[in-house]
Amino acid sequence: MSDSTESGSTESGVPVPREGTELEIVGVRHGMFGGGNGVGGGSGDTSGYGRLVSPIVLPGATPRPYGGDWFDEVADELEGALEEQGLQVADVIEKTVVDRGEITFHIAREHLVPAMRTLRDDPALRFELCTGVSGVHYPGEPGRELHAVYHLRSITHNRLIRVETTAPDADPHLPSTFAVYPTNDWHERETYDFFGIVFDGHPALTRIMMPDDWLGHPQRKDYPLGGIPVEYKGAQIPAPDQRRSYN
């Protein structure tokens, strides 16, 4: 395999990493929906694809050089700036991943805020804009079940990167980045609402989509597939877990 920043994929959808990069399998998906174990396992899958078995694969750390036109430049500048602050790079950056032509820095949650401030303020980096915060739930990744992904753009240098950090289900706390990127106010509220990640230091961490008295966090993988029947004029559609199964 050639040394390229791009990753391909097999016909089964499993990504093919760059040379030297290992894949991390964090679970197996049975069927298209629900948290059960396939046919007859209580998954609630009413799609007819309950026999689908697909591994949940994440790319591992990418070895140097990262490639691209500027990936190594950004990584070098970030690591150098962290060292100037007296931080150990290995303690801050857990791994760096280049996948499908994009670069992601995995940052330890206790160092998230200083790393984000460095990415924003360092003249050679200048990622002035955070365009969103995305939550992800991997129940098969012990101690790292909850992920928060931040999408950063440098208007000065016309570059786009991602920052990713994790928290365990048992302690779903991450520091708020509101003080660095105020536009993350509503993004962090949405991630809390749907995934249950608590952003410590947020000025008003309340639900933003679901009612205040809603139980649970609907985009977690272990959230039940049930729901509220949808009423139309002259008809009523049952909740997903009450519909006919085609398995």
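## Contacts, sheet and one aspartate

Modeller: Of the contacts in the protein between residues at least 6 apart in sequence, 54% join residues at least 24 apart; contact means heavy atoms within 4.5 Å. The model is predicted, so to speak of local features takes pLDDT of at least 70, side-chain atom pairs count only at pLDDT 80 or more, and totals for chains, interfaces and linings use all residues. Residues are numbered from 1 along each chain as its sequence is written, and side-chain values use heavy atoms, leaving out hydrogens and water.

Colleague: How many helices and strands are there in the protein?

Modeller: There are 4 helices and 13 strands. They are DSSP runs, numbered from the N terminus: H or I over at least four residues for a helix, E over at least two for a strand.

Colleague: What makes β5 and β7 edge strands?

Modeller: Each pairs on one side only. Pairing takes at least two DSSP bridges between two strands. The open sheet runs β5-β6-β9-β8-β7, with mixed pairing. β5 covers 93-99 and β7 covers 129-137.

Colleague: Why are β7 and β8 said to pair?

Modeller: Because at least two bridges are required, and β7 and β8 share 8, in the antiparallel sense. One partnership: Cys130 with Leu152 of β8.

Colleague: Which helix packs on the sheet, touching β7 and β8?

Modeller: Helix α4, residues 184-195. Its direction makes about 5° with that of β7. Axes are lines fitted to C-alpha atoms, for helices over the stretch in contact; angles run from 0 to 180 degrees between N-to-C directions. Helix α1 (residues 71-84) lies across β5, β6 and β9, at about 20° to β6.

Colleague: Which residues of helix α3 are buried?

Modeller: Leu112, Val113, Ala115, Met116, Thr118 and Leu119. Buried means under 20% relative accessible area, exposed over 50%, partly exposed in between, with a 1.4 Å probe and protein chains only. Their cover includes α1, α2, β6, β8, β9 and β10. Across the protein, buried residues make up 39% of the 247.

Colleague: Why is Asp171 called partly exposed?

Modeller: Its relative accessible area is 33%. That is not under 20% and not over 50%, so Asp171 is partly exposed. Asp171 sits in the loop between β9 and β10.

Colleague: What makes the Asp171 and Arg109 pair a polar contact?

Modeller: Their side chains are joined at 2.9 Å. The cut-off is 3.5 Å between N or O atoms; within protein, one must be able to donate a hydrogen and the other to accept it, and residues adjacent in sequence count only if both atoms are side-chain atoms. So the 2.9 Å pair falls within the limit.
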